[in-house]
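Hi,

Here is the structure I promised to hand over. Please have a look at it before you read my notes below.

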Amino acid sequence: MYAIKWNGDSVVILDQRLLPLNETYHTYTNYMDVLYSIKDMEIRGAPAIGVAGAMGVALAAKNVASESVDEFRQEMNRIIDAFASTRKTGFFLFIALNRMKSMLDTPGGVRGIRDAMEAEAVKIYEEDIEINRTIGRNGSGLIQDGDVVMTHCNAGALATAGYGTALGVIRAAVEEGKKIEVYACETRPYLQGARITALELFRDGIPVTLITDSMSGHFMKAGVIKKIVVGADRIAANGDTANKVGTYTHSVLAREHGIPFYIAASVTIIDPDLKSGEEIPIEERTVDEVAFVGREQIAPEGISIRNPSFDVTPAKNITAIITEKGLIENPGVNGASWILKK
Ligand code: MRU
């Protein structure tokens with residue numbers, strides 16, 4: 001099972017909306033399909049969205065017929081901007097799109113740019129897998145044999161190019177022979193935890209127990225949960241971290257119960273221009289995600305509903321951020337952006 005692959009002249013994307021019951025892959029040759037795939041949550045998870053953006057742009061470079069370099073650049077800039085408007089909290093999309101944009105300066109005419117864009121998109125994909133494996137190795141020492149680790153949303157292979165960030169740490173600990181168990185929060189309203197994290201771990205043979213989001217405090221108080229590891233969508237310079245809505249609540253409970261709370265993420269999603277989490281843009285999604293479970297309407301017609309898709313965990317609630325460059329310990333004291341200079 002994988003989220004996305006580049007096939008030379010097409011992009012293959014797993015339709016994650018259909019999980020866990022149906023594993024359907026779509027093959028896209030038109031960049032617009034990739035754009036809608038991101039917008040409609042067929043593919044999701046901050047790193048995977050960035051990879052999809054890059055591959056979508058590489059595909060567009062093949063779709064755009066113009067042989068005039070100026071016209072080609074103009075059209076590609078318009079398309080890159082369109083990809084940038086698909087999701088707004090995850091920072092890697094913008095990093096990946098900027099890398100693709102810089103390919104527009106490649107010499108060798110339109111053909112030179114097309115080739116460079118394809119190579120860059122594949123590089124972004126391959127680098128992400130390597131980064132996640134390194135994050136896994138850097139974080140696995142924090143997990144002890146016998147631990148029950150809680151996670152929220154899906155920061156696994158399907159949220160990335162492969163292996164995962166939070167689930168990468170869990171996978172690496174298991175590969176080292178540690179016997180651990182995972183409590184996966186269902187992650188209302190989109191249920192990435194129930195539909196995707198539980199499926200990934202179950203298929204890997206890693207013991208997983210599904211709980212609803214509101215049960216986390218109960219299991220922390222009962223002493224069941226020993227560690228919490230989640231992913232991230234964007235990290236401000238001071239270490240405040242945006243992740244799937246509900247993460248903040250778990251972090252407050254973890255602090256109350258003295259449970260280590262870890263973020264596993266690449267340094268590429270640290271946004272040094274944002275002083276604190278208050279500046280992180282929070283995507284607000286359609287209220288239908290809250291009003292419906294599947295096709296079933298569960299709320300009265302016409303009532304007021306809000307659906308912020310992410311929340312911000314203050315750095316002071318984070319024990320450490322696990323990155324490919326090592327640990328950012330106590331980000332509440334030290335901030336996070338210093339690691340970019342390492
Ligand atoms: O709305 P989604 O499913 O794209 O949100 C995903 C998350 O919030 C993940 O936890 C985050 O992107 C980290 S994935 C490595």
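A word on element names first: helices (H or I, at least four residues) and strands (E, at least two) are DSSP runs, numbered from the N terminus. Also keep in mind that this is a predicted model.

**Loops and backbone**

Start with the loop between β5 (181-185) and α7 (192-204), where P189 is found. A cis peptide bond joins R188 to P189, with omega about 5°. T187 is found in the loop between β5 and α7 as well. Its phi is near 70°, which is positive, and T187 is not a glycine.

There is another cis bond to check. This one runs from L19 to P20, and its omega is near 10°. P20 is in the loop between β2 (11-14) and β3 (25-28).

For context, most peptide bonds are trans, and most residues other than glycine have a negative phi.

**The ligand site**

Where does the ligand sit? It is in the largest cavity. Two elements give two or more residues each to the shell around it: α2 (46-63) and β9 (241-244). Of the elements, α2 gives the most, with three residues.

Why does the ligand lie between domain 1 and domain 2? Both domain 1 (4-132) and domain 2 (138-341) give residues to the shell, so the ligand lies between them.

The ligand has 19 residues around it. R87, Q192, D233, N243 and K244 come nearest. By class, the shell has nine nonpolar residues, six polar ones and four charged ones.

**Polar contacts**

Here are the distances from ligand oxygen atoms to side chains:

- K244: a polar side-chain atom lies 2.7 Å from an oxygen atom of the ligand.
- D233: an N or O atom of the side chain is 2.8 Å from a ligand oxygen.
- R44: an N or O atom of the side chain is 2.9 Å from a ligand oxygen.

How much of the ligand's accessible area does the protein cover? On its own, the ligand has 410 Å² of accessible area, and the protein covers 99% of that.

**To sum up**

Two things to look at when you open the file. One is the ligand in the largest cavity, with D233 and K244 among the nearest residues. The other is the loop between β5 and α7 that holds T187 and P189.

Best wishes

Definitions and conventions
Residues are numbered from 1 along each chain as its sequence is written. This is a predicted model: local features need pLDDT of at least 70, side-chain atom pairs count only at pLDDT 80 or more; totals for chains, interfaces and linings use all residues. Side-chain values use heavy atoms; hydrogens and water are left out. A residue is near a molecule or strand if one of its heavy atoms lies within 4 Å of it. A polar contact is a pair of N or O atoms within 3.5 Å; within protein, one must be able to donate a hydrogen and the other to accept it, and residues adjacent in sequence count only if both atoms are side-chain atoms. Accessible areas come from the Shrake-Rupley method with a 1.4 Å probe; for residues, only the protein chains shown count as cover. On a 1 Å grid over the protein atoms alone, a cavity is a set of points where a 1.4 Å probe fits but cannot get out, and a pocket is an open set with protein on both sides within 12 Å along at least five of seven lines; lining residues have an atom within 4 Å of a point. A molecule sits in a cavity or pocket if more than half of its atoms lie within 2 Å of its grid points. Ala, Val, Leu, Ile, Met, Phe, Trp, Tyr, Cys and Pro count as nonpolar, Asp, Glu, Lys and Arg as charged, and the others, Gly among them, as polar. Domain bounds come from an automatic or database domain assignment.
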